[in-house]
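User: Hi! I'd like to understand how the labels on this model follow from its geometry. Could you walk me through the reasoning?

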Amino acid sequence: RYGATVLNTDALLIADIDLGEEAASATGGGLLSRLFGRSRPTPAGTEDPDRRGEPGEGARGDEHRRILARIGRFCAEHPAVGVRTYRTRNGFRLLLTGTGARPDSAEARELLERLGSDELYTLLCRVHDTYRARLTPKPWRLGLRAPALAGPSAVGTTQWHQWVSDYEAACGEVAVCRFLGSAGPAPGPVEQQIIDLHDRAVRHESGLSLA
C-alpha cells in the first residue's frame, strides 16, 4: 500500500517488538502511522541513535536495554527455539525457528505476547495466517512520499514505474535491520532459505543507517 516490499511466510515465526508508543510518537511513528502507512517525511541525511540502531540515552535507551534483557530471558527459557535478533529503526525483529507454531495458533499468540510483540502485528498475523516482515524502507524515511497510486491497477503505469525507480535509488543508501546475534539450535533447510532471503533484502550486515 505504501510501496515497501513485505515478506509473508508461515515457515518460521517472526516477532516485531516496537519501542514504546510515547517514544515512537516523538519520531513520527506510532499506531496511526502503522495502520495507515503515513508519517512525516524524514530527511535521509538526518542521523540519530535509532538510525544507527544504537540504544541512545534516556528513557528510550533504557527501554532498548530492557527489551534485550527480555529477549535474553526468552532464549534461556526456550533452549529448543532458535532466535535471531535484529535491531530495526523503531525496535527489534526476531526470527524464531523450530517452533512449528502456525501464525493463527494459540501457541504463536502466546510466544508473541511473551516477547512483548506489537499488538497490531500480532493481530495481523492471526487474521492473515502469516508472519510478516518489511524488507525495504518506509518511503517517508527516505524523504519520499508514498506512491500516489497503489494496488494492482497502478502496477505497469508510467507514474508507478517512476516512483519505483526513485524509491529503489533511495533505498541504496540505507538498511532495514542490523543483525545483533543468534541463540539456540540451527534452522532447518526451509527456515534457512527464508532467513537467507530476508537477510539479503534487509542488508543486515551493511553498517548503513536504518530506515
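Analyst: Happy to! Please keep in mind that this is a predicted model. A good place to start is the aromatic rings: searching the whole structure turns up 4 aromatic pairs.

User: What makes the pair of Tyr2 and Trp140 tilted?

Analyst: The ring centres are 5.1 Å apart, and a pair needs centres within 6.5 Å, so the two rings qualify. Their planes meet at 55°, which is neither under 30 degrees (stacked) nor over 60 (edge-to-face), so the pair counts as tilted.

User: Why is this pair said to tie together distant parts of the sequence?

Analyst: Tyr2 belongs to the segment before strand S1 (6-9), while Trp140 sits in the loop between S5 and helix H7 (158-171); the pair therefore joins parts 138 residues apart in sequence. Both Tyr2 and Trp140 are buried.

User: Why is the pair of Trp160 and Trp163 called stacked?

Analyst: Here the centres are 5.9 Å apart, within the 6.5 Å limit, and the planes differ by 20°, which is under 30 degrees, so "stacked" is the right word. The two residues are both in helix H7, 3 residues apart, or about one turn of the helix. Ring pairs also link Trp160 and Trp163 with Tyr167 into a cluster.

User: How do you know whether Trp160 is buried or exposed?

Analyst: Its relative accessible area is 19%, and buried means under 20%, so Trp160 is buried. Trp163, at 12%, passes the same cut-off and is therefore buried too.

User: What makes Arg87 count as lying over the ring of Phe92?

Analyst: Arg87 lies over the face of Phe92 at 5.4 Å from the ring centre. The limit for that distance is 6 Å, so this value fits.

User: Which residues have the most contacts inside the largest nonpolar core?

Analyst: That core has 33 residues, and those with the most contacts inside it are Leu13, Ile14, Leu94, Leu96 and Tyr131. Among the elements that each supply at least two of its residues are strand S2 (13-18), helix H4 (58-77) and helix H8 (189-202). Beyond its neighbours within four places in sequence, Leu13 is in contact with several residues, including Leu94, Ala108 and Tyr131. A second, separate core of 13 residues includes Trp140 and Trp163.

User: How many disulfides does a search of the whole structure find?

Analyst: The search finds 0 disulfides. As for individual cysteines, Cys75 has a relative accessible area of 19%, under the 20% cut-off, so Cys75 is buried. Cys171 is at 12%, and therefore counts as buried as well.

How values were computed:
Residues are numbered from 1 along each chain as its sequence is written. This is a predicted model: local features need pLDDT of at least 70, side-chain atom pairs count only at pLDDT 80 or more; totals for chains, interfaces and linings use all residues. Side-chain values use heavy atoms; hydrogens and water are left out. A nonpolar core is a set of buried Ala, Val, Leu, Ile, Met, Phe, Trp, Tyr and Cys residues joined through side-chain atoms within 4.5 Å. Buried means under 20% relative accessible area, exposed over 50%, partly exposed in between (1.4 Å probe, protein chains only). Helices (H or I, at least four residues) and strands (E, at least two) are DSSP runs, numbered from the N terminus. Contact means heavy atoms within 4.5 Å. Rings of Phe, Tyr and Trp (its six-membered ring) pair if their centres lie within 6.5 Å; planes under 30 degrees apart count as stacked, over 60 as edge-to-face and the rest as tilted. A charge sits over a ring if NZ of Lys or CZ of Arg is within 6 Å of the ring centre and within 35 degrees of the ring normal. A disulfide is a pair of cysteine sulfur atoms within 2.5 Å.
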